[in-house]
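Hi everyone, thanks for coming. Please take a look at the sequence and the structure on the screen, and then I'll walk you through them.

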Amino acid sequence: MEFVDTHFHVWALEKFSYPWPTPDMRIYKDYYPCGIESGIEGTSVKHAIFVQCLNGSVEEAEWVMDMATRHSIIKGVVAGLDITSPKLEEVIQMLKPKGLLKGVRHILDMEKEDWITRDDVSKGLDTLGKHDISYDLLVRPHHLKYIPDVVAKHSNTRFIINHIAKPPVMSGKLEGWDDDMAAIAKFPNVYCKISGLISEQQPETWKQINFQPYIDHVVKIFGADRCIFGSDWPVFEMAGATYNENFTLIRSLLSKLNDADQLKVFRENAIKFYNLDV
């Protein structure tokens, strides 16, 4: 069965001005679709979704959509559109006919903590729902307290938590994060992306981390019907991991699920949530 990776990035350092990665990082080099095509060899992954690296960049989305004409692995784009822009509707109407605009994301680390609650953001989220475009929530634990009110207000918009909200896995602490995630999971329009587990870890320590309690918790509260796999390629290379190592880790963490539920997490939920044609 052909699995879907719902979270990969590409970047070209001379083409765009990126605030991240920075020159001190091992991933400070160009990454193109051919890299993930090589990475998935030997795995069940055959399709993937690009997720934005730049906030407010229509140009980045168009660049990746153009590459998708030459790289069939790319089945969708989660674009970094400015949802606070009065021209959002116009931009969506321009990009939508290409057939690859599946979602929008904004990097919240660059904003005030409560950015997601702003009125202009709310208006943009309504517009996304109107066009059946999802919103990827790139959040950390301190953002979670704002999310229930936001997703309740926008019940016609689909949301997905990225990277299980980046809990403090090194400490092994679940308190706070677990209750906040459970409160969010009560809303049926919110999904959870099982991704980015080792992306911010160190090469010498990531293999010793016990991720299982975190994965068990999100599977319990969201259910197999609302959990989706994503790799976060190539960010996990900061931890010295290969695509296959990262993929094998996530498969192992989800091995308690029966075959039907694993198929949901690794394929069927992605197709449903992002409206993919695969």
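**Overall shape**

Let's start with the fold as a whole. A compact globule of 278 residues would have a radius of gyration near 19 Å, and the chain has 17 Å, so the two agree. Please keep in mind that this is a predicted model. If you lay the C-alpha trace along its principal axes, you get a span of about 45 × 40 × 40 Å.

What is the secondary structure of the chain? There are nine helices and eight strands.

Now for how the chain packs. Among contacts with a separation of 6 or more, 80% come from residues 24 or more positions apart. Of the 278 residues, 56% count as buried. On the outside, the chain exposes about 11,900 Å², with carbon and sulfur atoms supplying 48% of that area.

And the charges? We have 31 positive and 39 negative side chains, and the centres of these two sets lie 3 Å apart.

**The cysteines**

How many disulfides does a search of the whole structure find? It finds zero. Take Cys-53, which is in no disulfide: its nearest cysteine sulfur belongs to Cys-34, 15 Å away. Cys-53 is also buried, because its relative accessible area is 10%, under the 20% cut-off.

Why is there no bond between Cys-227 and Cys-192? The sulfur of Cys-227 has its closest cysteine sulfur in Cys-192, but at 5.4 Å that is too far for a bond, because a disulfide needs the two sulfur atoms within 2.5 Å. Is Cys-227 buried or exposed? With 0% relative accessibility, Cys-227 counts as buried.

Note on methods: Residues numbered from 1 in each chain as written. Predicted model: local features only at pLDDT ≥ 70, side-chain atom pairs only at ≥ 80, totals over all residues. Heavy atoms only, no water. Helix = DSSP H or I, 4+ residues; strand = E, 2+ residues; numbered from the N terminus. Rg over C-alpha atoms; globule rule 2.2 N^0.38 Å. Buried < 20%, exposed > 50% of the residue type's maximum accessible area, 1.4 Å probe, protein only. Contact = heavy atoms within 4.5 Å. Areas by Shrake-Rupley, 256 points an atom, 1.4 Å probe, with all protein chains shown as cover. Lys, Arg positive; Asp, Glu negative; His and termini not counted. Charge placed at Lys NZ, Arg CZ, Asp CG, Glu CD.
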